[in-house]
Amino acid sequence: MVNIGNEWDALLADQWEMDYYKKLREFLVNEYRSGTVFPPMNDLFNALRCTSYSDVKAVILGQDPYHGKGQAHGLCFSVKEGTPPPPSLVNIFKELNAETGIAIPKSGELTKWANHGVLLLNTVLTVREGQANSHRNHGWEILTDRIIELLNKREKPIVFLLWGGPARAKSKLVTNPNHLVLQCAHPSPLSAYGGFFGCGHFVKANEFLKNNGIEPIDWSL
């Protein structure tokens, strides 16, 4: 039913046969037929395609995709090359620059991070145009919780970067002491000054990886 093209296919094979996913699929078919839904259908599982299970070094958890034209392409917080970075992403780049000195990128496309081991996963993978959170509670959360649970089972250490209330609520799924959970406010303009700026997460993530014998993430774009 779904072909990702790496280890996730075997790990998630049982999910595609479950009732919740069949209902979700039916809902999505109707949504894509009747209106505009983001990201495009072929981009739905890009986060998993770009970052296979064994390759995950860090997880950045988003809520649901951007709901404007030409933005969402299946990686949380990322927009395609040529699309201006949205405010939350601008703040992510500001924090990255403050921590590491890496120049603020002109492009908001984060595919390079995904290819270097950062799983850029939204908890809900689709949204109607112009309607934030419109696809909540239709089944995506069951699938993405399962993804987090599978990563939690892994012995090789992972850093989970949980920004904002909805992401931080997922910390209960990360129980394996091998992993590191970093939590702070969301990078949106409404909350970034409440703890996202100055969080130090990019540096802390790489320190943890290095201390565990794992090559640090190249955060440059």
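Which residue in E6 is the bridge partner of Trp163? Select Trp163 and follow the pairing across: the partner is Cys184. Keep in mind as you click around that this is a predicted model.

**Stop 1: the sheet**

Now widen the selection to the strands on either side of that bridge. Strand E5 covers residues 159–163 and runs parallel to E6, with five bridges joining the two. Both belong to an open sheet of four strands, and reading across you get the order E3-E2-E5-E6, paired in parallel fashion. Colour strand E3 (118–122) and strand E6 (180–184) next, since these are the edge strands, each pairing on one side only. If you look along the sheet, neighbouring strands are turned against each other by 20° on average, ignoring direction.

**Stop 2: the helix on the sheet**

Add helix H6, residues 140–153, which packs on the sheet. Helix H6 touches strand E2 (58–62), E3 and E5, and its direction makes about 155° with that of E3.

While H6 is on screen, pick out Asp145, which sits in this helix. Show side chains here: Asp145 and Lys170 are joined by a side-chain polar contact of 2.7 Å. Leaving aside residues up to four places away in sequence, Asp145 touches Lys170 and Leu173.

**Stop 3: H2 against H6**

Keep H6 and bring in helix H2, residues 19–34. The two axes come within 9 Å and cross at roughly 130°, so H2 counts as oblique to H6. To see what makes the contact, select Tyr20, Tyr21, Leu24 and Leu28 on H2, then Trp140, Ile142 and Leu143 on H6. Colour that selection by residue class and you should find seven nonpolar residues, no polar ones and no charged ones.

**Stop 4: H4 against H8**

Next, hide that pair and show helix H4 (residues 87–100) together with H8 (201–211). Their axes are 8 Å apart and the packing angle is about 60°, which makes H4 oblique to H8. On the H4 side, select Ile92, Glu95, Leu96, Glu99 and Thr100; on the H8 side, take His201, Phe202 and Val203. What classes of residue make up the contact of H4 with H8? There are four nonpolar, two polar and two charged residues.

**Stop 5: Trp113**

Leave H4 and H8 visible and go to Trp113, in helix H5 (residues 111–115). Is Trp113 buried or exposed? Its relative accessibility is 1%, so Trp113 counts as buried. Expand the selection around Trp113 to find what it touches beyond four places in sequence: from the H4–H8 contact you will recognise Ile92, Leu96 and Phe202. Trp113 also touches Val118 and Leu120, along with Ile60 and Phe93. Further along the chain, Asp218, Trp219, Ser220 and Leu221 are on its contact list too. For a distance check, draw a line from Trp113 to Trp16: they are 97 residues apart in sequence, and C-alpha to C-alpha they are 27 Å apart in space.

**Stop 6: Asn212**

Finish at Asn212, in the segment after helix H8. With 37% relative accessibility, Asn212 counts as partly exposed. Zoom in on its side chain, which reaches the backbone oxygen of Phe208 at 2.9 Å. Then zoom out and select Phe38 as well: the C-alpha atoms of Asn212 and Phe38 are separated by 37 Å, with their positions 174 residues apart along the chain.

Notes
Residues numbered from 1 in each chain as written. Predicted model: local features only at pLDDT ≥ 70, side-chain atom pairs only at ≥ 80, totals over all residues. Heavy atoms only, no water. Pairing = 2+ DSSP bridges. Axes fitted to C-alpha atoms, helices over the stretch in contact; angles between N-to-C directions. Contact = heavy atoms within 4.5 Å. Buried < 20%, exposed > 50% of the residue type's maximum accessible area, 1.4 Å probe, protein only. Polar contact = N/O pair within 3.5 Å; in protein donor to acceptor, adjacent residues only side chain to side chain. Parallel < 35°, antiparallel > 145°, perpendicular 65-115°, else oblique. Nonpolar A, V, L, I, M, F, W, Y, C, P; charged D, E, K, R; others polar.
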